[in-house]
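Thanks for sharing this one. Here are a few friendly notes to read alongside the coordinates.

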Amino acid sequence: KDELIARSEQFETITRVAAGIAHEIKNPLTSIKGFLQLMMSGETSGQYGDIVFSELSRIESIVNEFMLLAKPDQEVELEKINLIDIIHYVLALFRAQCRQGGVRVTTDFDASIPDLPSDPKRLKQIFINVVKNAIEAIDGPGDLNVVGTYRSEIDCVVVCITDSGKGIESEQIKRIGEPFFTTKEKGTGLGMMVTTKFVESLGGTIQYRSKVNVGTTVVITLPVLSS
Ligand code: ADP
Ligand code: MG
C-alpha cells in the first residue's frame, strides 16, 4: 500500500514537471515563431538570427534546468554575474511586446551594484517569469519600472519590479508560487513556483506587495556574498 502511495506521488511530480516544461518552453517558442515570421516576410535584416539562436538556447537551458529541479540538492553553478546586464537582456526580449501594448518601461540601477556569484540561466528565467506576469497584469497601456539597489548592510542586491497592473488581493498573495495557483483564464500557475525555487536556490528571497487596481511590486533579494 505504501508503495502504491509513493508511486502515485511520483507520478504527480512527473506530471507537474512535464506541465512546467511545456509552460516555460511556450514563451521562447512563441518568440522564435514571431521572429521567423518577420524574417520570412523579408521586412528585416539578419539581426533576428541572434535572437532566434538565443531563444533556442533558452529552451535548451530550460530543459536542463528542469532536470536540475528534479534533483533539488544538485549544486548550482555559480559565476560572477552583472545583474544589470541580465535584466536588460530580459527586458529586451519583451521590448516589442511592450511597445505594442503601450507598456512604458523604465529602469534605475545603483552604480554601486557589485557583480554577484550567481547562475545566469536561472537569473534570466527568474526575471522573465516576473516581467511576463507584470506585463500580463498591466494588460494594455501602463508602466513597468525596474529598480536595483545594493544594500551594503545586508550585502544584498534588491530588485523591485513594479507594474501599474490590476494588482492582487492580500489573501491571494500568500498563494503565489503554489504549484498551479493562477487567477488567469489561460494561466498555468507554474511560473512563480519555478521562480521561487530558483531564487531560493541562489540564497535569495521573493516578496510581493500589491494593491488592487493600483499595481504590484515584486521584490527579489539576492545575496552578493562578498568576501
Ligand atoms: P500564471 O502567470 O500562469 O498565472 P504564475 O505562477 O506566474 O502563474 O503567477 C501566479 C499568479 O500570481 C497569477 O495568476 C496572478 O494571480 C498572481 N500574480 C503574479 N504576478 C502578478 C502581478 N505582477 N500582478 C498581479 N498578480 C500577479
Ligand atoms: Mg506567470
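1. Helix H7, which spans residues 191-201, is a good place to begin in this predicted model. Its buried residues are Gly191, Met192, Met193, Val194, Thr195, Phe198 and Val199. You may like to colour these seven names by burial as you follow the helix along.

2. Please look next at the residue that comes just after H7: Gly203 has a positive phi there, of about 80°. Gly203 also turns up among the contacts of Pro223, which leads to my next point.

3. Where does Pro223 sit? Pro223 belongs to strand S7, residues 215-223. Setting aside residues up to four places away in sequence, Pro223 touches Gly203 and Gly204, as well as Asp155 and Cys156.

4. Is Pro223 buried, exposed or partly exposed? Pro223 is partly exposed, because 16 other C-beta atoms lie within 10 Å, whereas being buried would take 20 or more.

5. For a sense of distance, try Pro223 against Gly167: the two are 56 residues apart in sequence, and their C-alpha atoms are 28 Å apart in space.

6. Now for the whole chain. The protein has 7 helices and 7 strands, and along the sequence they run α-α-β-α-α-β-β-α-β-β-α-α-β-β. Of its 227 residues, 27% are buried.

7. Finally, a word on contacts: among those with a separation of 6 or more, 73% link residues 24 or more positions apart. The contacts of Pro223 with Asp155 and Cys156 would be pleasant ones to inspect by eye.

Technical notes
Residues are numbered from 1 along each chain as its sequence is written. Chains are lettered from A and ligands numbered from 1 in the order in which they are written. This is a predicted model: local features need pLDDT of at least 70, side-chain atom pairs count only at pLDDT 80 or more; totals for chains, interfaces and linings use all residues. Helices (H or I, at least four residues) and strands (E, at least two) are DSSP runs, numbered from the N terminus. A residue is buried if 20 or more other C-beta atoms lie within 10 Å of its own, exposed if 12 or fewer, and partly exposed in between; C-beta atoms are placed from the backbone. Two residues are in contact if their C-beta atoms, placed from the backbone, lie within 7 Å.
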